[in-house]
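Me: I should like to examine the structure shown below through a short series of questions. Please reason briefly before each answer.

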Amino acid sequence: MSTESDNLIGTDRVKRGMAEQLKGGVIMDVVTAEQAKIAEDAGAVAVMALERVPADIRAQGGVSRASDPDMIESIIDTVSIPVMAKARIGHFVEAQILQALGVDYIDESEVLTPADYVNHIDKQPFTVPFVCGATNLGEALRRINEGAAMIRSKGEAGTGDVSNATGHIRKILGEIAALSAMREDELYVAAKELQAPYELVREVAERGSLPVVLFTAGGIATPADAAMMMQLGADGVFVGSGIFKSGNPAARASAVVEATTNFDNPEVLAKVSRGLGEAMVGINVDDIPQPHRLAERGW
Amino acid sequence: MTTIGVLAVQGDVREHRAMLEQVGTDTVDVRYVDELDGIDGLVIPGGESTAIINLLKRQELVEPLRAQIAEGLPVYGSCAGMILLSDKVEGREDQELLGGMDIAVKRNAFGRQVASFEAPVYCQTIGDEPFHGIFIRAPWAEVIGDGVKVLGTVTDHEGQTRAVALRQGSLFVTAFHPELTDDTRMHEYFVREIVQS
């Protein structure tokens, strides 16, 4: 007979703390167990299991949903690093299924087709932690208020064009810096303008940072892209299509990992940027018609 | 002044540095071999153990670190750091480690992230008041060598007592993350009893 345990699971501290352990690391999109193994061997801190990388979702169109449980399980069985998986915005049942499968983190992701155009998932009751995308500080704080334990700034996924990721991480960090410089009596109006709870706004102003880890994602395709995100102040990076849509995924994965650790060392960056074969074919964000821009999903 | 290096290839480096500074030491990041010069002790933070060892190889830090550990450099490893300082991982004998402590650890011993938890750690060495342990995909020590002292234990989800804080000579490990709490007693123990003694 086992003794009843008083251990507390699913607390904010273990959810947020899990993301703290990923800092300085690279999280890679993978669609098969073989790719997951390549990512792990290259030094990824986690993998994101999904059925199609954003570049293919973009090319093939159609409704994009959470992945097949068999595929997620085969990845969980293959690697020892954490496995993340995506649920559609607002699709709390997909999230329940992913939690039942034992994934380590759920990404409520704009890369999939939203299931609810009004509400995001209420993430508080889940034991599994969530990461959510944001294009600005207000959006980040609304997600944290719903229970997100990690934020990633959004870029335009599946493009290989890093400009949106750059814009959004700058925006979020700039808005945090502006809050920190405000007088206390100005924070009430700031909360109103950010459309975020006053308590969270005040906490961010006091800390000078989000209360959760801030990664960046979307359009990162080269070691230099990853290093730039780190120099801009990201805690780590997600790389989606950039690795497995390139000429030599193993070499590129490895180089992006090394660049993220040595983000401020141009000599190392020059060395790891050599001989990687072809980068993914890019699409300029400006060439994508507005309704097909993923970063604009979510609110 | 005591200077503690924090291995900074990946993981929650900032939190450890903040803790160490609170207990009155200087801290430096260690990413390159020359940054090992002049440190009195080293902390290996929480992170992903496979990613950290991979990066240590590429930063050419594995052999210098093993040499320093063999020479008696005080090292404290939390979570991933505990895995890296152990001699063996149960069931994954192929996983490369730094080694040094005569224990075999079980990775993700309490379960995956959904089983990550908070619980009291009983550790007489730091006092009667239990330490608030934060366990994230944490290991425990499964096999413990004769020269290793168990300093702290926790009750797992099945009611079994598990070894989660251990010391052998100048090496100290915890399966939990004191750096995610406000309690500095573990860092204080490392600095006062191992580095400065």
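Me: With which residue of chain A does B:Arg14 form a salt bridge, and how far apart are the closest N and O atoms?
Reply: The model is a predicted one. Across the interface of chain A and chain B, the rule finds 7 salt bridges. The partner of B:Arg14 is A:Asp235, and the closest N and O atoms are 2.9 Å apart.

Me: Which element of chain A gives the most to the side that touches chain B?
Reply: On that side, at least two residues each come from strand E1 (8-9), helix H1 (12-20), helix H2 (33-42) and helix H12 (249-261) of chain A. The element that gives the most, with 6 residues, is H1(A).

Me: How much area is buried between chain A and chain B?
Reply: The contact involves 47 residues of chain A and 42 residues of chain B. In chain A, the residues that lose the most area to chain B are A:Asn7, A:Arg13 and A:Gln21, together 21% of what that side buries. Carbon and sulfur atoms give 46% of the area buried between the two chains, which is about 3,300 Å².

Me: Which residue is the bridge partner of A:Ile9 in E7(B)?
Reply: E1(A) and strand E7 (residues 117-121) of chain B run antiparallel and are joined by 2 bridges. Within E7(B), the bridge partner of A:Ile9 is B:Phe117.

Me: Why does the salt bridge of B:Arg31 and A:Asp264 join two chains, and is B:Arg31 buried or exposed?
Reply: The closest N and O atoms of B:Arg31 and A:Asp264 are 3.0 Å apart. B:Arg31 lies in the loop between strand E2 (26-30) and strand E3 (41-44) of chain B, and A:Asp264 lies in the loop between H12 and helix H13 (266-272) of chain A, so the pair joins two chains. A:Asp264 is partly exposed, at a relative accessible area of 39%. For B:Arg31 the relative accessible area is 12%, under the 20% cut-off, and B:Arg31 is therefore buried.

Me: What separates A:Glu175 and A:Lys171 along helix H7 of chain A?
Reply: A:Glu175 forms a salt bridge with A:Lys171, with the closest N and O atoms 3.6 Å apart. A:Lys171 counts as partly exposed at 41% relative accessibility. Because the two residues are 4 residues apart in helix H7 (residues 163-180), the separation is about one helical turn.

Me: Is B:Glu63 buried or exposed?
Reply: B:Glu63 forms a salt bridge with B:Arg66, the closest N and O atoms being 2.9 Å apart. B:Arg66 is partly exposed, with a relative accessible area of 27%. The relative accessible area of B:Glu63 is 51%, and B:Glu63 is exposed.

Conventions
Residues numbered from 1 in each chain as written. Chains lettered and ligands numbered in written order. Predicted model: local features only at pLDDT ≥ 70, side-chain atom pairs only at ≥ 80, totals over all residues. Heavy atoms only, no water. Contact = heavy atoms within 4.5 Å. Buried area = accessible area lost by both parts, 1.4 Å probe. Salt bridge = Lys/Arg side-chain N within 4 Å of Asp/Glu carboxyl O. Pairing = 2+ DSSP bridges. Buried < 20%, exposed > 50% of the residue type's maximum accessible area, 1.4 Å probe, protein only.
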